[in-house]
Amino acid sequence: MQEVDTLYEEVKAAMDRHELKVYYQPKYNALTNQLKGAEALVRWIKADGTMVMPGSFIPQLEQGKGIVELDWYMLNEVCAFLKEQADKGIHSVPVAVNFSRMHIYEEDYVERLCRTVDQYGVPHKLIEVEITESALVDQSDRIAEHISGIREAGFCVAIDDFGSGLSSLSFVKDIPVDVLKIDKSLLSRNCEDEKERIVLESIFNFAHRLKLTTVAEGVETREQLGFLRTCDCKLIQGFLFAKPMAEQDFMEICRNREEAEETEDILLTQAPSSATNLLLEAVFTRFPLVIFANLTRNSFYMMAYENFTSRTCPSTGVFDELIQHGASTMHPEDRELFRSTFTISNLMDAYNRGEKSVSVVTRQMGDDGVYRRVETTDYFVKNPSVDDVLVIALCQNLD
Ligand code: C2E
Ligand code: MG
Ligand code: MG
């Protein structure tokens, strides 16, 4: 404890002497290479010019209250920098500031955050709060409240070092964040290992389905970048693009930044998963109800269900039961037609006759109590890896 106390005094004195400097590491759009943000990282530059890295004092400071003071110091420095840029007419990008888990216990954290940022007239959207993954373990209730407060005040919240620790995936579902930073320990140099790729693809997939912005940290090689693009990773932070740099160097980069907003053109978003997402979006726009069914297993999975009928529907389950449910939402005169068209035996007969699809038009009641014509079409699809008979059902309103 003696050592921690001494270190704390030393760091405090270093703050007073302004020896603690903010280094900025840029973040870039993975596909367009445009500057999109930065992370503020502390560097202790001693009077003799030696640079002390955070790894040699942050862990000790985290054992006491020193870290809390350091983080507020960093936020002040970042805000002063953003104000200076604004005064010079330079367009800033959002800057992420690391906040240790100790802030969870600060009663007036959000108030102090707002007060500090407002003092410099910096828009809240330019500050991102980074909280390390390990802070979230065993703290779900408290942290969820803490994070909601920060977001309600207009700041973005990022989970840092995701995948580095002991946490379970469930907190990502319970904790309302905006950004997921994937830890560098998950990336090998070449991303050649099949299992590693599967793990990363799954992380990006779930993050995107939860509408989180993804950032890959510690990207050093072109191979890593190539792979991350296929995962549709949004932002890249790593030595491949830029190392953390002093304030003036970062200001230069911001000054020279391409101002033009990128257009989201399909050629730029042709990575497999973004292409798939685009395609799905196009399908979902046209067909508000899309169901994937396995006739052989009598099961289904609802792929999209948006503003289609007033009755909610289970998202997975038994296909026969789905048809019963569907029929109950139809006009009484159409129910039998709907049921008999979509019995498994009728569909299997059609499939065996070589038909490509089965379609029917029925009347269905909408939210407003009015019946409208709806077309339901089951398309037979072939999956090379199974013999099961699969269908994709697309439903659309005709009126
Ligand atoms: P972090 O927040 O995960 O920051 C990213 C770290 O990865 C930085 O290390 C950065 O220099 C390093 N990095 C970035 N790109 C690459 C790369 O391509 N390859 C490799 N090998 N490393 C890369 P740094 O600056 O040494 O900071 C270490 C940790 O110290 C940070 O990890 C953060 O947890 C903590 N830290 C730094 N500044 C602060 C601060 O102001 N407050 C708090 N609470 N923690 C801080
Ligand atoms: Mg960080
Ligand atoms: Mg990190």
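Is glutamate 39 buried or exposed? In this predicted model, glutamate 39 turns out to be buried, since its relative accessible area is just 4%, and the cut-off for buried is under 20%. That makes a handy way into the metal site, as Glu39 is one of the residues that coordinate the magnesium ion listed as ligand 2.

Start with that ion. Ligand 2 is held by Glu39 through OE, Asn98 through OD1, Glu130 through OE and Asp160 through OD, with distances of 2.0 to 2.3 Å. Along the chain, these donors follow the pattern E-x58-N-x31-E-x29-D. Two of them come from distant parts of the chain: glutamate 39 sits in strand S2 (residues 35-45) and glutamate 130 in strand S5 (residues 127-132), 91 residues apart. Glutamate 130 is buried as well, with a relative accessible area of 1%.

Next comes the other magnesium ion, ligand 3. Its protein donors are Asp160 (OD), Asp161 (OD) and Glu217, the last of which is listed with OE twice, and they lie 2.0 to 2.5 Å from the ion. In sequence the donor residues are spaced D-D-x55-E. Here too distant parts of the chain are linked, with aspartate 161 in strand S6 and glutamate 217 in strand S8 (residues 213-217), 56 residues apart. Glutamate 217 counts as buried because its relative accessible area is 7%, against a cut-off of under 20%. What ties the two sites together is aspartate 160, which bridges the magnesium ions (ligand 2 and ligand 3), and these lie 4.0 Å apart.

On to ligand 1. The shell around ligand 1 holds 24 residues, and the closest are Arg43, Asp71, Asp160, Glu220 and Phe239. Asp160, then, turns up here as well as in the bridge between the magnesium ions. Sorted by type, the shell has 10 nonpolar, 5 polar and 9 charged residues. Strand S2 gives the most, with 4 residues, while S2, helix H3 (66-87) and strand S6 (156-162) each supply at least two.

Some polar contacts can be picked out around ligand 1. A side-chain polar atom of glutamate 220 is 2.5 Å from a nitrogen atom of the ligand. Oxygen atoms of ligand 1 also take part: one lies 3.0 Å from a polar side-chain atom of aspartate 161, and an N or O atom in the side chain of lysine 184 is 3.0 Å from an oxygen atom of the ligand. As for cover, ligand 1 taken alone exposes 800 Å², and the protein buries 83% of that. Aspartate 161 has a part in both stories, as it is also among the donors of the magnesium ion listed as ligand 3.

Finally, a couple of backbone oddities. Aspartate 232 has a phi near 65°, a positive value in a residue other than glycine. Aspartate 232 belongs to the loop between helix H8 (222-230) and strand S9 (235-237), and is buried, with a relative accessible area of 8%. Asparagine 298, likewise not a glycine, has a positive phi near 55°. Its loop runs between strand S11 (289-294) and strand S12 (299-305). Asparagine 298 counts as partly exposed, with a relative accessibility of 22%.

Definitions and conventions
Residues numbered from 1 in each chain as written. Chains lettered and ligands numbered in written order. Predicted model: local features only at pLDDT ≥ 70, side-chain atom pairs only at ≥ 80, totals over all residues. Heavy atoms only, no water. Donors = N, O, S within 2.8 Å, 3.2 Å for Na, K, Ca; no water. Buried < 20%, exposed > 50% of the residue type's maximum accessible area, 1.4 Å probe, protein only. Near = heavy atom within 4 Å. Polar contact = N/O pair within 3.5 Å; in protein donor to acceptor, adjacent residues only side chain to side chain. Areas by Shrake-Rupley, 256 points an atom, 1.4 Å probe, with all protein chains shown as cover. Nonpolar A, V, L, I, M, F, W, Y, C, P; charged D, E, K, R; others polar.
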